[in-house]
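Reader: I am new to this structure and would like a close look at a single part, namely the salt bridges. Please take me through them with care.

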Amino acid sequence: MKNKVPEVLYIGYTWPEPEATAAGVRTLQILSFFKSLNYKITLCSAAAKTPHSSPLEEYDIDCIAIKLNHDSFDELITKINPAIVVFDRFLTEEYFGWRVAERIPSAIRILDTQDLHSLRQSRELALKKGTKFSPEFWQMQEITLRELASIYRCDLSLVISKFEMELLKTYSSIDPSLLNYLPFVFDPADPAQKNNIPDFESRKDFCFVGNGKHTPNIDAINFLKEDIWPRIRNVLPEANLHIYGAYFPKKVIDLHQPEEGFYIKGWIKNIGEVLQNIRVNLLPLRFGAGLKGKLFQAASLGTPSVMTAVGSEGTPFAELNNQLGTNPEDFAEKAIRLYNEKGQWEEARQKGLNLLEEEFGKEEFHTALHKTLVDLHQNLESHRRKNLTGRMLLHHTLGSSRYLSKWISLKQQMNKKDLDESITG
């Protein structure tokens, strides 16, 4: 009898949208990792698909729609009986983690944090309050407690940023054995492709790329419009700024002002074609978390970026002082200099390409993660036994979440019965 192919169940907070969000790119990279190990993959989500959703079936990935607070999920996971379950963001683990632990206790439970949501929201709250953000401020937020509890309940959490790894190790008591650093990863660059990257003279204009559902991006667009772009435009009256992204709300679309060189372009299918012809990419993020997908994509296409500290956080790009803006005046000045000075631009482009190869090589990170998974498969019982806090939290979650979910499920069934009776008279 043939050995059963190991299966991975990936529970998505949304269906991945790699052409619209960095989170979608991250998800596809993780799915690609499991495909390289010959796992059979099923991805399920309670979210509705969108026109930007990736056609995962083309990658031989089974896609199944699921419901929140519904016992049909229990039947699904029992049937699949996966060796590994991946939760996409801590919110997904809150909904489904207890069901997986109860039904498939032998499955390794992995949380992909995507970015630390508690860090992003704490920074946003501090900005709104006019309060200086600090790790202590982060520790005091309710969402931080929820996210840390989710990390504890899982066997392993994938953390995308070195900064977030250090934050968790220093300001929480989470054991490092529960964490795995996995940034965006890249294959070695094709020499022919690198040689075909458009040069300085072939490029013009600035751009910003960001999904309109992501609050830090909306803030960055407004920051550009009000404080940064007028300073750049005053010195470079022929330059334009192009804003790209899916799901822009009306308040962003209304910022479109061609007479000021400020163009709201919206979503475009192949943003890479735009990025490789733009001279400078702008990342004026004032709050956020994780790694910034368009910083990496721009660098891979030889397009330098000017960034805030938040925009470059967790990467070696943070050390490139001539590309790091500390305030609107400094940010605009550095963007103008990078745009005008060919020598500096070429140096920045080469540094970006080098950093991707030196710090974010796919083979190294995939090999390390594979080794960690092998160790978990072999020593899961002892691994969990050492995680006393995680077992304690899971114990209480199994009780509270189970009965709340069953109450919601029963209520839904009763409402459906009442509706059916009213229809039939």
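Author: What follows is an account of the salt bridges and of where their partners lie. This is a predicted model, in which local features need pLDDT of at least 70, side-chain atom pairs count only at pLDDT 80 or more, and totals for chains, interfaces and linings use all residues. Residues are numbered from 1 along each chain as its sequence is written, and side-chain values use heavy atoms, with hydrogens and water left out.

Side chains of opposite charge can pair when their charged atoms come close. A salt bridge here is a side-chain nitrogen of Lys or Arg within 4 Å of a carboxyl oxygen of Asp or Glu, and by this rule the count comes to 27.

One of them joins Glu-313 and Arg-123, at 2.4 Å from N to O. Glu-313 sits in the loop between helix H13 (309–312) and helix H14 (328–340), while Arg-123 belongs to helix H4 (residues 117–129), so that distant parts of the chain, 190 residues apart, are linked; helices (H or I, at least four residues) and strands (E, at least two) are DSSP runs, numbered from the N terminus. Glu-313 is buried at 8% relative accessibility, and Arg-123 is buried at 9%, where buried means under 20% relative accessible area, exposed over 50% and partly exposed in between (1.4 Å probe, protein chains only).

Another salt bridge, at 3.9 Å from N to O, pairs Asp-74 with Arg-103. Because Asp-74 lies in helix H2 (residues 72–80) and Arg-103 in helix H3 (residues 90–103), the pair ties together parts that are 29 residues apart in sequence.
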